[in-house]
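Trainee: I would like to go through this model slowly, with one question at a time. Could you begin with the terms that I need for reading a helix?

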Amino acid sequence: NIVDQRLRNSDQISGMQKEGNDFYIRSIFLQGYLLKGVSKLPQKVIDLRPSIESINAKAGDLELSNLEYCLAYAKSIKWAKGVIVGVESETQVELIINAFLKTYDIHDFDAHIADRQLVDPRNWQK
């Protein structure tokens, strides 16, 4: 996802993709937290607030929703064959499909990277 870009430019994954392996990106919305307003963040992920505020601001500057901006990031990963997302409703499916079908010309996503410990749900307090 946009706050955890460790594998974005992975030569190893790119090489395996060129050998015919397929890779799909998952958790592009970080369990939905990247789509929520910062006032709705639970305490367990409150340290992600600066990254989410940064995403909100950049998406707003580009006149995109956070959903569109996060999908634009996922689509920018050259070795990815596609994305896997979780949804809670038919409306969410429609929103995601419509956003995915758009073309985005965005290349700089680095400003949103969060500390590695913050983006791992195993580190979130229950």
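Mentor: Helices (H or I, at least four residues) and strands (E, at least two) are DSSP runs, numbered from the N terminus, and the expected span of a helix is 1.5 Å times one less than its number of residues. This is a predicted model, in which local features need pLDDT of at least 70, side-chain atom pairs count only at pLDDT 80 or more, and totals for chains, interfaces and linings use all residues. Residues are numbered from 1 along each chain as its sequence is written, and side-chain values use heavy atoms, with hydrogens and water left out.

Trainee: In which helix is the confidence of the chain highest?
Mentor: The pLDDT, the predictor's confidence in each residue from 0 to 100, averages 88 over the chain, and 99% of the residues score at least 70. Confidence is lowest in helix α1 (residues 11-18), at a mean of 90, whereas the highest value, 94, belongs to helix α4 (residues 90-101).

Trainee: What distance does helix α2 reach from its first C-alpha to its last?
Mentor: Helix α2 covers residues 49-61, which makes 13 residues. At 1.5 Å a residue the expected value is 18 Å, and the helix comes close to that, reaching 18 Å.

Trainee: Against which helix do the buried residues of α2 pack?
Mentor: Buried means under 20% relative accessible area, exposed over 50%, and partly exposed in between (1.4 Å probe, protein chains only); in α2 the buried residues are S51, I52, I55 and A59. They cover an arc of only 95 degrees, taken from the directions from the helix axis to the C-beta atoms, and therefore lie on the same side of α2. The face turned away from that buried side carries the exposed residues P50 and D61. With contact meaning heavy atoms within 4.5 Å, the buried residues of α2 pack against α3 (66-75).

Trainee: Which element gives the most residues to the largest nonpolar core?
Mentor: A nonpolar core is a set of buried Ala, Val, Leu, Ile, Met, Phe, Trp, Tyr and Cys residues joined through side-chain atoms within 4.5 Å. The largest one has 35 residues, and those with the most contacts inside it are I2, V3, L34, L48 and Y69. The elements giving two or more residues to this core are α2, α3 and α4, and the one that gives the most, with 7 residues, is α3.

Trainee: How many residues apart in sequence are the parts that K102 and E68 tie together?
Mentor: A salt bridge is a side-chain nitrogen of Lys or Arg within 4 Å of a carboxyl oxygen of Asp or Glu, and the structure holds 4 of them. K102 and E68 form one, with their closest N and O atoms 2.3 Å apart. K102 lies in the segment after α4 and E68 in helix α3, so the pair ties together parts whose separation in sequence, in residues, is 34.

Trainee: Is E68 buried or exposed?
Mentor: Its partner K102 is partly exposed, with a relative accessible area of 39%. At 11% relative accessibility, E68 counts as buried.

Trainee: In which helix do E53 and R49 both lie?
Mentor: The side chains of E53 and R49 meet in a salt bridge, at 2.9 Å from N to O. E53 counts as partly exposed at 36% relative accessibility, and R49 does too at 34%. The two residues are 4 residues apart, about one turn of the helix, and both lie in α2.
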